[in-house]
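This briefing concerns the structure displayed below. Please examine the sequence and the model before reading the points that follow.

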Amino acid sequence: MNKVILIGRLTRDPELRYTASGIACTTFTLAVNRPVKNPQGQQEADFIPVIVWRKAAENTAQYVRKGNQVAVEGRIEVRKYQDN
């Protein structure tokens with residue numbers, strides 16, 4: 001089973017784009033705080049890239065802004081990119 005629920009804050013405004021076939025796609029990065037502080041007593045966070053598709057992408061781009069706290073439910077997909 002590949003299911004994840006994340007709660008965090010957006011690091012910047014979402015970017016709305018459309019594919020060549022007209023499907024909405026929004027991307028943003030979610031800062032998720034770790035539950036335990038590091039040995040120096042500082043709170044650390046993981047920065048998770050998120051992609052939202054179709055109507056949810058349009059709603060995200062319209063109503064969500066940098067700094068807003070959001071909950072994301074979905075699946076994790078690992079991608080590989082190799083530059084020439």
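In this predicted model, Thr26 is a buried residue, with a relative accessible area of 0%. The cut-off for the buried class is under 20% relative accessible area, so the value of 0% places Thr26 within that class. Thr26 belongs to strand 3, which covers residues 24–33.

**Surroundings of Thr26**

- The side chain of Thr26 reaches the backbone oxygen of Ala57 at a distance of 2.7 Å.
- Ala57 is also one of the residues that Thr26 touches, when residues up to four places away in sequence are not counted.
- On that count, the residues touched by Thr26 further include Pro14, Glu15 and Leu16.
- Val50, Ile51 and Val52 are likewise among the residues in contact with Thr26, as are Glu58, Thr60 and Ala61.

**A partly exposed residue: Gly41**

- Gly41 is located in the loop that runs between strand 3 and strand 4.
- Gly41 has a relative accessibility of 44% and is therefore classed as partly exposed, because this class lies between the limits of 20% and 50%.
- Gly41 and Tyr18 are 23 residues apart along the chain, and their C-alpha atoms are separated by 43 Å.

**The largest pocket**

- The largest pocket holds about 570 Å³ of space.
- Its lining consists of 15 residues, and those nearest the centre of the pocket are Pro49, Ile51, Arg75, Ile76 and Glu77.
- Strand 1 (4–10), strand 4 (45–53) and strand 5 (69–74) are the elements that each give two or more residues to this lining.
- Strand 4 gives the most, with 6 residues.
- By type, the lining of the largest pocket comprises 10 nonpolar residues, 1 polar residue and 4 charged residues.
- Ile51 appears in two settings: it is among the residues nearest the centre of the largest pocket, and it is one of the residues that Thr26 touches.

**The chain as a whole**

- The protein chain contains 1 helix and 5 strands, arranged along the sequence in the pattern β-β-β-β-α-β.
- The C-alpha trace of the protein chain spans about 50 × 35 × 30 Å along its principal axes.
- The protein chain has 84 residues, of which 27% count as buried; Thr26 is one of the buried residues.
- Among contacts in the protein chain with a separation of 6 or more, 58% are between residues 24 or more positions apart.
- The accessible surface of the protein chain is about 6800 Å², and carbon and sulfur atoms account for 50% of that surface.

Key:
Residues are numbered from 1 along each chain as its sequence is written. This is a predicted model: local features need pLDDT of at least 70, side-chain atom pairs count only at pLDDT 80 or more; totals for chains, interfaces and linings use all residues. Side-chain values use heavy atoms; hydrogens and water are left out. On a 1 Å grid over the protein atoms alone, a cavity is a set of points where a 1.4 Å probe fits but cannot get out, and a pocket is an open set with protein on both sides within 12 Å along at least five of seven lines; lining residues have an atom within 4 Å of a point. Grid points are joined across faces, edges and corners, and a volume is the space filled by probe spheres set on the points. Helices (H or I, at least four residues) and strands (E, at least two) are DSSP runs, numbered from the N terminus. Ala, Val, Leu, Ile, Met, Phe, Trp, Tyr, Cys and Pro count as nonpolar, Asp, Glu, Lys and Arg as charged, and the others, Gly among them, as polar. Buried means under 20% relative accessible area, exposed over 50%, partly exposed in between (1.4 Å probe, protein chains only). A polar contact is a pair of N or O atoms within 3.5 Å; within protein, one must be able to donate a hydrogen and the other to accept it, and residues adjacent in sequence count only if both atoms are side-chain atoms. Contact means heavy atoms within 4.5 Å. Accessible areas come from the Shrake-Rupley method with a 1.4 Å probe; for residues, only the protein chains shown count as cover.
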